[in-house]
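Here are some comments to read alongside the model, set out as numbered points. Please keep the sequence and the structure open while going through them.

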Amino acid sequence: MKRRPRDLLVIVPTFAILFVIVFPVLWMVFTSLRPVSALAADLPVGEWFDGLSFDAYARLFNDSGFARYIGNSLLVSAISTVCTVVLGSFAAYGLSRFRWRLRAPTLLVVLATQLLPFVVLISPIYLAFSELGLLNSYAGLVVVYVAMTLPLAIYLLMGYFDTIPRVLDEAARMDGCSTAGVIFRVVLPIALPGIVTVVTTTFISTWEEYFFASVLMTGEDLKTVQVGLSSFFGEYSTDWAMIMAAATVATVPTVILFSVVQKRLVAGLAAGSVKQ
């Protein structure tokens with residue numbers, strides 16, 4: 001009873017901040033369910049919930065190629081995530097376990113790639129991909145996404161690998177494991193929370209990326225979710241109900257991913273920051 005007034009000093013601001021964060025999402029979902037005629041009308045609060053329906057969602061999937069856009073984003077994000085995890089695991093393991101003369105410059109180069117704003121890279125990437133025939137191709141976009149997410153993945157995994165005792169590697173090698181066997185059979189299972197962290201951050205980064213996808217994937221059938229969503233904004237009129245429905249659908253994969261990996265994600269972020 002004595003602590004309740006002090007607890008309120010924490011609980012009340014926490015719920016206020018939570019409301020500020022959640023309210024735009026709830027309003028987005030609510031707007032997607034309202035009739036188009038009611039969006040611009042000055043209705044009393046009591047009539048806001050009249051005529052709610054899933055009409056905008058039906059029009060979204062029946063009258064547009066949004067389902068195709070979702071498939072494109074899922075394909076590109078999934079392949080990019082797998083490539084980033086595999087390549088990042090090998091690179092992070094090498095940087096964590098081995099010492100050589102160019103190790104420090106290598107880490108500096110990996111870090112320096114994150115210091116350049118991606119907007120300055122679009123012109124050379126576009127010209128290079130044009131020469132290589134990678135424009136309007138899933139492979140080209142995957143290459144860009146892996147290059148974008150790999151440095152962060154390397155640093156996250158390297159910090160986590162540093163916490164795993166080296167004696168486990170030596171024991172596995174004594175049992176006949178190769179370096180790849182040590183990584184995939186011994187290190188990665190122990191580093192599962194760190195892997196989950198990399199998977200989550202990589203998938204969300206690629207799923208929400210708009211700039212490169214809009215420049216490199218101009219074909220109508222190749223658009224990703226974010227590019228497809230932006231195409232719903234008309235020059236003279238905009239169907240806000242359908243846009244909000246599309247935005248709601250676009251958030252579903254990330255919400256599901258966070259719901260599944262939430263505990264391991266927090267554990268991975270905390271464990272990777274501690275070095276034994």
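1. Of the 276 residues of the protein, 39% count as buried. Please bear in mind throughout that this is a predicted model, and that each value below is computed from it. The accessible surface of the protein comes to about 16000 Å², with carbon and sulfur atoms supplying 70% of that area.

2. As for the secondary structure, the protein has 13 helices and zero strands, and so the pattern read along the sequence is α-α-α-α-α-α-α-α-α-α-α-α-α. The radius of gyration is 23 Å, whereas the globule rule gives 19 Å for 276 residues; because the value for the model is well over that of the rule, the protein is more spread out than a compact globule. Taken along the principal axes, the box that the C-alpha atoms fill is roughly 75 × 70 × 35 Å.

3. The contacts are also worth a look, since one can ask what share of them joins residues at least 24 apart in sequence. When the contacts counted are those between residues at least 6 apart in sequence, 77% of them join residues at least 24 apart.

4. Helix α1 covers residues 4-33, and Phe15 is found in it. Is Phe15 buried or exposed? With a relative accessible area of 55%, Phe15 is exposed, because the cut-off for that word is over 50%. Phe15 also belongs to a nonpolar patch on the surface, whose other members include Leu8, Val12, Ile17, Leu18 and Leu26; together the residues of this patch have about 1100 Å² of accessible area.

5. Helix α9 (residues 179-190) allows a simple check of geometry: at 1.5 Å a residue, its 12 residues should span 16 Å, and the C-alpha atoms at its ends are 16 Å apart, which agrees. The buried residues of α9 are Gly181, Val182, Ile183, Val186, Val187 and Leu188. Among the elements that cover these buried residues are α4 (66-97), α7 (138-161), α8 (166-174) and α10 (192-208).

6. Lys223 deserves a separate comment, and it is found in the loop between α11 (211-216) and α12 (225-230). Its relative accessible area is 14%, and because buried means under 20%, Lys223 counts as buried. Which residues is Lys223 in contact with, leaving aside its neighbours within four places in sequence? They are Tyr69, Asn72, Met217, Gly228 and Ser231.

Note on methods. Residues are numbered from 1 along each chain as its sequence is written. This is a predicted model: local features need pLDDT of at least 70, side-chain atom pairs count only at pLDDT 80 or more; totals for chains, interfaces and linings use all residues. Side-chain values use heavy atoms; hydrogens and water are left out. Patches are made of residues with over 30% relative accessible area and no salt bridge: like charges are joined within 9 Å, nonpolar side chains (Val, Leu, Ile, Met, Phe, Trp, Tyr) within 5 Å. Accessible areas come from the Shrake-Rupley method with a 1.4 Å probe; for residues, only the protein chains shown count as cover. A salt bridge is a side-chain nitrogen of Lys or Arg within 4 Å of a carboxyl oxygen of Asp or Glu. Helices (H or I, at least four residues) and strands (E, at least two) are DSSP runs, numbered from the N terminus. Buried means under 20% relative accessible area, exposed over 50%, partly exposed in between (1.4 Å probe, protein chains only). The expected span of a helix is 1.5 Å times one less than its number of residues. Contact means heavy atoms within 4.5 Å. The radius of gyration is taken over C-alpha atoms; the globule rule is 2.2 Å times the number of residues to the power 0.38.
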